[in-house]
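Here are my notes on the model, set out as numbered points to be read beside the sequence and the coordinates. They begin with the chain as a whole and then turn to one sheet and a few of its residues.

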Amino acid sequence: MIRREEVYKIGRVGKPHGVKGELSMHIDDDVFDRVDADYLILDIDGILVPFFMEEYRFRSDSQVLVVFTGVDTVEKAREYVGCDVYFPRNNSDNDDELSWAQIVGYEIIDGESSKTVGTIVRVDDSTVNTLFEVRTIEGSDLLLPASSDLITKVDGHKQQITMAIPKGLLEL
């Protein structure tokens, strides 16, 4: 059984493309540029299910057309429309080349106190200054700058990012 902490979300299945089971996927991650992927994982009613790919091709930077093994009609393809798409962390764990999508779920550790601040729930890269949206241990939300100047260590195996968090920022 595939556990949620073993995968990270890379996109969502869109509508079927053509009549032979090809599906359109909107992707938020460049995993196809970094590693060879034999399979992807779909969230079907809360269960993570692996699907082997026969082929895929890019339609744009954020859209991929994919043919899954066993999905060969438009009717079968329609069953997966709207499913979230995940990729296994162990197939792409390289601390030097983590994508923003890949670090969602990582813990943020305060470098000064060595205490866990919280967990990254989202990365906002819609502005010049990228921000980590962190859910603190207490349950509140906190925004931290995702600056390489503040990140002192990344541990992909422990899924932790240690940061030199500026004084006072945790009290806001």
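1. In the count of charges, Lys and Arg are taken as positive and Asp and Glu as negative, while His and the chain ends are left out. On that basis the protein chain of this predicted model carries 18 positive and 33 negative side chains, and the centres of the two sets lie 4 Å apart.

2. As to overall content, the protein chain has two helices and 12 strands, and from the N terminus on these elements follow one another as β-β-α-β-β-β-α-β-β-β-β-β-β-β. Taken along the principal axes, the C-alpha atoms fill a box of roughly 60 × 35 × 25 Å.

3. Of the 172 residues in the protein chain, 40% are buried. The accessible surface comes to about 10000 Å², and carbon and sulfur atoms account for 48% of that surface. Among contacts between residues at least 6 apart in sequence, 52% join residues that are at least 24 apart.

4. In what order do the strands of the open six-stranded sheet lie? The order is β10-β9-β8-β7-β12-β11, and the pairing is mixed. The edge strands are β10 (141-145) and β11, each of which pairs on one side only. Neighbouring strands of this sheet are turned by 35° against each other on average, with direction ignored.

5. The mixed pairing of this sheet can be followed at β12, residues 160-163, which pairs with β7, residues 107-110, in the parallel sense over four bridges. With β11, residues 151-155, strand β12 pairs in the antiparallel sense, again over four bridges. On the β7 side, Glu 107 has Gln 160 of β12 as its bridge partner, and on the β11 side the bridge partner of Lys 153 is Thr 162 of β12.

6. Is Thr 162, which belongs to strand β12, buried or exposed? Thr 162 has a relative accessible area of 18%, and because buried means under 20%, this residue falls in the buried class. Leaving aside residues up to four places away in sequence, Thr 162 touches Ile 109, Gly 111, Leu 150, Ile 151, Thr 152 and Lys 153; Lys 153 is also the residue with which Thr 162 forms a bridge.

7. Two backbone angles deserve a look in the coordinates. Most residues other than glycine have a negative phi. Ser 114, however, has a positive phi near 65°, and Gln 159 has a positive phi near 55°.

8. Where do Ser 114 and Gln 159 sit? Ser 114 is found in the loop between β7 and β8, the latter spanning residues 116-124, whereas Gln 159 is found in the loop between β11 and β12. That second loop belongs to the hairpin of β11 and β12, which has four residues between its strands.

9. The two residues can also be set side by side for accessibility. Ser 114 counts as exposed because its relative accessibility is 58% and the class begins over 50%. Gln 159, in contrast, is buried, with a relative accessible area of 18%. Thus a positive phi appears at an exposed residue in one loop and at a buried residue in the other.

Conventions: Residues numbered from 1 in each chain as written. Predicted model: local features only at pLDDT ≥ 70, side-chain atom pairs only at ≥ 80, totals over all residues. Heavy atoms only, no water. Pairing = 2+ DSSP bridges. Buried < 20%, exposed > 50% of the residue type's maximum accessible area, 1.4 Å probe, protein only. Axes fitted to C-alpha atoms, helices over the stretch in contact; angles between N-to-C directions. Contact = heavy atoms within 4.5 Å. Areas by Shrake-Rupley, 256 points an atom, 1.4 Å probe, with all protein chains shown as cover. Charge placed at Lys NZ, Arg CZ, Asp CG, Glu CD.
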